[in-house]
Amino acid sequence: MVSYNYSNTAIQTTLAGNISNTATSVAMAATTGFPPSTPYVLAVDYGAATEELVVVTGAAGTTLTVTRGFGGTSAQSHSIGAIVRHVVNAQDLTDFRTHEAATSNVHGVSGALVGATSTQTLTNKTLTSPTVNGGALSGTFTGSPTLSGAVTLSGTPSIPNGAALGGTVSGNPTFSGNVTVSGSTTAKGELALSNLLRGTRASASDSQYEARVTGDANARWWIRADGMMNWGAGPTGADVNLYRSSANNLRTDSNLTVGGGLTVNSLAWTTYTPVVSGVNVGVWTRRVGWYYKLGNLVFISIYLQASTVGTGTTPLTVSLPSMPFRAGSGASTTRQEIPMHISAVNLDGYNSPVNGQGCGLVLATATGAVIDVLRDPTNVDLSGSALKDSTILTLQGWYREA
């Protein structure tokens, strides 16, 4: 049903030009008092046998856009000077009678009126002490409603800011969005849990749990979904972390300061077989090494026992379990030194085997995961020919990894 506009101050006027029975643009001598909004109804050739009702759907000054032959009248040709009046018509009165008799689709209601059985939406209604049986609630409820009795919330209910839950919440509730737990100034919103607290995130790098101070742009402590813990100052991002870098290995990429004692329990040494270059391969009856790592420090113990006299004139090298640090400054080209004890080696100028303290050197000019030079107690490089069938070389110490 179309709602038409009316005016009590519309002045009778006339056509300012001839119109055919198909014309939809009509020129008026005046539109004084006509309704300011469309649509509204005019009678053209008012009171004559050729009277026609038209609906004005648009107005530009005194030129009107119309729909012809309204309310059962026929579209006619009309001459300049034909009388035009704004009128109440039979269609209006018929609509009134129809509206009075209607029990549905009236007063903006789609469906039956309140009290009938059709589904409809109530807007801006106040219900006082109603009883709702089996209804579905949606949208936003304001004020301070009280739900009593055994209330069951099914589906996906949304509890807005400011809601208070009391008693026991059982089952498997899911809270989405930003859940805030608040309390008194003494309790500080304590959350007591008697069972598992679990969270699931889409990505391993997503933040799972975090803590902030009011006003912080970033969390000061948070745990990622993969277990990495991060710390920062708050205004800026993380600068310290702790995470699992591999199986049985916990790592931080930052500095670690221990204020008290540091105890390492169940320290496991790893065994490896060192390779000695610069000597005949079959000289060794025993060749074994052990190591463990603490950060970039590698603690090492190497035991070498010769079974025959060695040959070879180039300095001996011994392989390491990892690449040693060779950069930086140091005496000459020496970067690192590992203590070594020597038993029974041939030294130039001596008639009998010599025992004593030597060393293994890591040099800046060399490459590879090796001790580059073994030196005897007189600071002379050991070659394969210096070994006797009873020579024992023992290296024990540590080196820094690259």
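# Close-up views

**View A. W284, I302, I371, L374, L382 and L393 touch the most other members of the largest nonpolar core, a group of 26 residues.** The strands β14, β15, β17 (334–345) and β21 (387–400) each give two or more residues to this core. The largest share, five residues, comes from β15. Another core, of 15 residues, lies apart from this one, and its members include L15, Y40, V54 and A82. This is a predicted model, in which local features need pLDDT of at least 70, side-chain atom pairs count only at pLDDT 80 or more, and totals for chains, interfaces and linings use all residues. Residues are numbered from 1 along each chain as its sequence is written, and side-chain values use heavy atoms, with hydrogens and water left out. A nonpolar core is a set of buried Ala, Val, Leu, Ile, Met, Phe, Trp, Tyr and Cys residues joined through side-chain atoms within 4.5 Å. Strands (E, at least two residues) and helices (H or I, at least four) are DSSP runs, numbered from the N terminus.

**View B. L382, one of the core residues with the most contacts to other members, is shown with its neighbours.** L382 touches T314, P315 and L316. Its contacts also include M340, I342 and L374. R375, D376 and L393 complete the list, which leaves out residues up to four places away in sequence. Contact means heavy atoms within 4.5 Å.

**View C. L304 sits in strand β15, which covers residues 297–306.** L304 counts as buried because its relative accessibility is 0%. (Buried means under 20% relative accessible area, exposed over 50%, and partly exposed in between, with a 1.4 Å probe and protein chains only.) L304 touches P274, V276, W284, R286 and R287. It also touches V318, T391, I392 and L393, again not counting residues up to four places away in sequence. L304 and R287 are 17 residues apart in sequence. In space, their C-alpha atoms are 4.7 Å apart.

**View D. The strands β14 and β15 form a hairpin.** Two residues lie between the strands. G295, in the turn, has a positive phi of about 70°. The strands run antiparallel and are joined by 10 bridges. (Two strands pair if DSSP finds at least two bridges between them.) One of the residues to look for is W290, whose bridge partner in β15 is S301.

**View E. β15 also pairs with β21.** The pairing is antiparallel and extends over nine bridges. L297 has R400 as its bridge partner in β21. Both strands give two or more residues to the largest nonpolar core.

**View F. Six strands make an open sheet with antiparallel pairing.** The order is β1-β6-β3-β4-β5-β2. At the edges stand β1 (13–14) and β2 (25–27), each pairing on one side only. Inside the order, β4 (residues 52–60) pairs with β5 (residues 63–67) in the antiparallel sense, over five bridges. G58 stands opposite T65 in β5.

**View G. The loop between β2 and β3 (40–44) holds P39.** The peptide bond from T38 to P39 is cis. Its omega is near 5°.

**View H. D45 and S129 each have a positive phi, of about 60° for D45 and near 50° for S129.** Neither D45 nor S129 is a glycine. D45 belongs to the loop between β3 and β4. S129 belongs to the loop between α1 (90–101) and β7 (207–211). Which of the two is buried, D45 or S129? D45 is buried, with a relative accessible area of 14%. S129 counts as exposed, at 70% relative accessibility.

**View I. Three strands make another open sheet, in the order β13-β16-β19.** The pairing is antiparallel. β13 (276–277) and β19 (370–371) stand at the edges with a single partner strand each, so one side of each has no neighbour in the sheet. β16 (residues 317–319) runs antiparallel to β19, and two bridges join them. S319 stands opposite V370 in β19.
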